[in-house]
Amino acid sequence: MMSEGSSFFKGLVLGGVFCLVLSLLGTFTPTIPLHGEEHHDHHHHLKPLSKEEMQMLSETEKSELTQQVRVYCVIMVTPKNLVHWAAVNDTWSKHCDKAVYYTSESAKVMDAIDLQEKDEWIRLRKAIIHAYEHADGLRWFFIARPTTFSIIENLKYLVLVKDPSQPFYIGHVQKSGELEYVEYDSGIVLSYEAVKRLTEVFKDEEKCPEQGYSLWKMSEEKQLATCLKFSGVFAENGEDAHGKGLFNKKSVYTLISDSMSQNPADVVEACCSDMSITYGDMSPSQMKLMMYGVYRLRAYGHNFHDSLMFLPPKNSDND
């Protein structure tokens, strides 16, 4: 009996060790050589210009900058989320300089690029390559799910004086092991140089395979970060002047509800940045309500003293 019990115990221990090894391999990110200058272990905190810095710009410089910062919105959709797709098409996507929908299969009621691919990571790769090849002079790319609501003018303000010929990979940064990545649900911002490097590393199956590195499939946001890291492009957390995050994977409703329960004495300040760029997990009706609050509701006679004006895309019917 002792021998049988001992054997059983040994088998149990070995089985546990084996499962642990598999778990570690599943989250393993290979050591990646740096491209260019050495990168710090912690992610950067990217902030927009301060009011003082903005005042130093001449009116001519401001005008030129607002015309130069143009955004290509890459919106990943499927026929299953057609209602969200339609809501995005009717709301915030009109503020993109170019908005293109990339779908897993055709949906006759909505215009989109049919990538004929159900695997999300492969579809995202194809969408990025297509966007790069059809950028038409646009130098900033914003990747979003159809459940994300975005305020494109705030995105433009964040990258206003950033050089798109430098590699930028911006959003809400999270960490998994040694890998820092931008959450997909809160939107991903890439500069032209970052996308250019991506399209090159996509060709290298050893560095950036379609099927990933681990024994089971990593999420596309982590695979994207891994490929970018191989290209020398590292995640940067978008924040306002007070250190509040600009990219949110939760909806406004959820964030306010959380703040009301956790910070009842200071709900608004504890909730969100005044310059928020995205909110995730939004329903179609919430998106339409956000459009009303962000672009239509006005306090008569109140002047926000904004130093810039981002004009809508040519022939746009945005709010």
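In this predicted model, Ser 150 has Thr 278 of β13 as its bridge partner. The two strands involved, β6 and β13 (residues 278–279), run antiparallel and are joined by 2 bridges. They belong to an open sheet of 3 strands. Its order is β6-β13-β12, and its pairing is mixed. β6 (149–150) and β12 (247–248) are the edge strands, each pairing on one side only.

Ser 150 and Thr 278 also appear among the contacts of Phe 142. Further contacts of Phe 142 include Trp 92, Ile 152, Leu 155, Gly 187, Ile 188 and Val 189. Val 71, Tyr 72, Cys 73 and Val 74 touch Phe 142 as well. Residues up to four places away in sequence are not counted here.

These last four contacts lead to strand β2, which spans residues 71–77. β2 is mostly covered, with 7 of its 7 residues buried. Val 71, Cys 73, Ile 75 and Val 77 point one way from the strand. Tyr 72, Val 74 and Met 76 point the other way. Both sets are buried.

β2 has parallel partners. Strand β5 (residues 140–144) pairs with β2 over 5 bridges in the parallel sense. Within this pairing, Ile 75 stands opposite Ala 144. Strand β3 (residues 98–103) also runs parallel to β2, and 6 bridges join the two. Here Val 74 stands opposite Val 100.

A helix completes the arrangement of β2 and β3. Together with helix α4 (residues 82–90), these strands make a right-handed β-α-β unit. Trp 85, Ala 87 and Val 88 are the buried residues of α4. They lie on the same side of α4, because they cover an arc of only 160 degrees around the axis. The buried residues of the helix pack against β2, β3 and α11 (284–296).

Nonpolar side chains tend to be buried together in soluble globular proteins. In this model, the largest nonpolar core has 47 residues. Trp 92, Phe 142, Leu 160 and Ile 170 have the most contacts inside this core. Two or more residues come from each of β2, α4, β5, α6 (152–158), α9 (252–262) and α11. A second core, separate from the largest, has 36 residues. Met 76, Leu 124, Tyr 169 and Leu 224 are among its members. Met 76 is also one of the buried residues of β2.

How values were computed:
Residues numbered from 1 in each chain as written. Predicted model: local features only at pLDDT ≥ 70, side-chain atom pairs only at ≥ 80, totals over all residues. Heavy atoms only, no water. Buried < 20%, exposed > 50% of the residue type's maximum accessible area, 1.4 Å probe, protein only. Pairing = 2+ DSSP bridges. Right-handed = clockwise from strand over helix to strand, strands pointing away. Arc of directions from axis to C-beta. Contact = heavy atoms within 4.5 Å. Core = buried A, V, L, I, M, F, W, Y, C linked by side-chain atoms within 4.5 Å.
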